Amino acid sequence: MIAKADSSGSLEAAKVTVLGRKSPFSRVQRSLGSFGPEDRKRLGMAANELRDALQAALDERRRVLAETEEARLLEGERIDVTLPGRRLRMGSLHPLTIVEDEMVGIFTRMGYRVEEGPEIEDEWHNFEALNIPPDHPARTLKDSLYVDVDALLLRTETSAVQIRTMETQPPPVYIVAPGRVYRRENPDATHGSVFHQVEGLAVDEGISFADLKGTLEMFARELFGPGRRIRMNPDYFPFVEPGCQVAVSCFKCDGAGCAVCGNGWIELLGAGMVHPTVLENCRIDPERYTGFAFGIGVERVAMVRYGVTDLRVFFEGDVRFLQQFQGAGA
Ligand code: 2NL
């Protein structure tokens, strides 16, 4: 019975049968008391011998079973280390991430720091501090997405991050604020309710419009190639004075006019000298400090860079689109 046990389970059962409380062996042991001293001694010794023999057989069988079970386990887990590895399917960075990282990288290499802030803002940081008055159309429910509590809203630009930085850190300030922003829009090929910005801000003694121009020219050349020129046209934003819009000469046709640009120029960003009222709102003395700021749309740059004509492809998550950026960026 012991020799036939083929698992630790059946061996345990065999042990119960031969040595357990109901085994013939136990019956003999229990009956020892009813014999005289001589017989008891003889019988007892024989019983002990038998028990030792059974125990030895059980131990030996247990050892053999453990060995074969171990061997079976090792065989089952055997691996062929010479097989080729399984190739990992790599993901890819999102095209907007690639473009945003690249733009941020250009500025950090010029010495700017990256600042981030909340996506749910109060009206002070999102509007008032930026010299956007209460009757400005951008502040109506029609243009912004308000949260139902405490006059909070989804930030409409990342300028609020820069206000927070100016409020808490004395100049000099050289920062970029990348991130997601929200507007109330009817979605179409070039507008969505969610988009991304990289805003930049420099506040220091003696900052001039020439510094703004040099910085943006450098930026445009890093982003679109060494031969690029920039064009600045006057524009109005409440938080800058003067303000301008900036275009870069087309990287495809170098200004001649083509399918990418139309008239040779690609509208790139808005910029200007920080309005003195904005500095004052952050308790920075506009007599001592001046600054420039700019705001760049990430989707817009990604569209011209990759020849995308409908920005909704950036948000649909179609892997056939996204897989084309395999290996790009990072
Ligand atoms: C655009 C225009 C702009 C700024 C953003 C800014 C921020 C502070 C102070 C002053 Cl804290 N200005 N930001 C200035 C001019 C233009 O963005 O068309 N963006 C896509």
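In which strand is P242 found? P242 belongs to strand β7, which covers residues 240–249. Keep in mind as we go that this is a predicted model.

P242 is a good place to begin, since the peptide bond leading to it from E241 is cis, with omega near -5 degrees. Another cis peptide bond joins P171 and P172, where omega is about 5 degrees. P172 sits in the loop between α6 (159–168) and β4 (173–182). Such spots catch the eye because most peptide bonds are trans, and most residues other than glycine have a negative phi.

That brings us to the backbone angle phi. D254, in the loop between β7 and β8 (265–274), has a positive phi near 55 degrees without being a glycine. R283 also has a positive phi, about 55 degrees, and is not a glycine either. You will find R283 in the loop between α8 (276–281) and β9 (290–297). With a relative accessible area of 74%, R283 counts as exposed, while D254, at 42%, is partly exposed.

Now look for the aromatic rings. The whole structure holds ten aromatic pairs. One of them, F237 with F239, is stacked, with 5.9 Å from centre to centre and 20 degrees between the planes. F237 is partly exposed, at 24% relative accessible area. Elsewhere in the sequence, F107, Y112, Y174, F219, F292 and F294 come together in one aromatic cluster.

Finally, turn to the surface, where R21, K22, R27 and R30 form a positive patch. R21 lies in the loop between α1 (8–19) and α2 (24–31), and its relative accessible area of 72% makes it exposed.

Notes:
Residues numbered from 1 in each chain as written. Predicted model: local features only at pLDDT ≥ 70, side-chain atom pairs only at ≥ 80, totals over all residues. Heavy atoms only, no water. Patch = residues over 30% accessible without salt bridge, like charges linked within 9 Å, V, L, I, M, F, W, Y side chains within 5 Å. Areas by Shrake-Rupley, 256 points an atom, 1.4 Å probe, with all protein chains shown as cover. Salt bridge = Lys/Arg side-chain N within 4 Å of Asp/Glu carboxyl O. Lys, Arg positive; Asp, Glu negative; His and termini not counted. Charge placed at Lys NZ, Arg CZ, Asp CG, Glu CD. Helix = DSSP H or I, 4+ residues; strand = E, 2+ residues; numbered from the N terminus. Buried < 20%, exposed > 50% of the residue type's maximum accessible area, 1.4 Å probe, protein only. Phe/Tyr/Trp six-rings, centres within 6.5 Å; stacked < 30°, edge-to-face > 60°.
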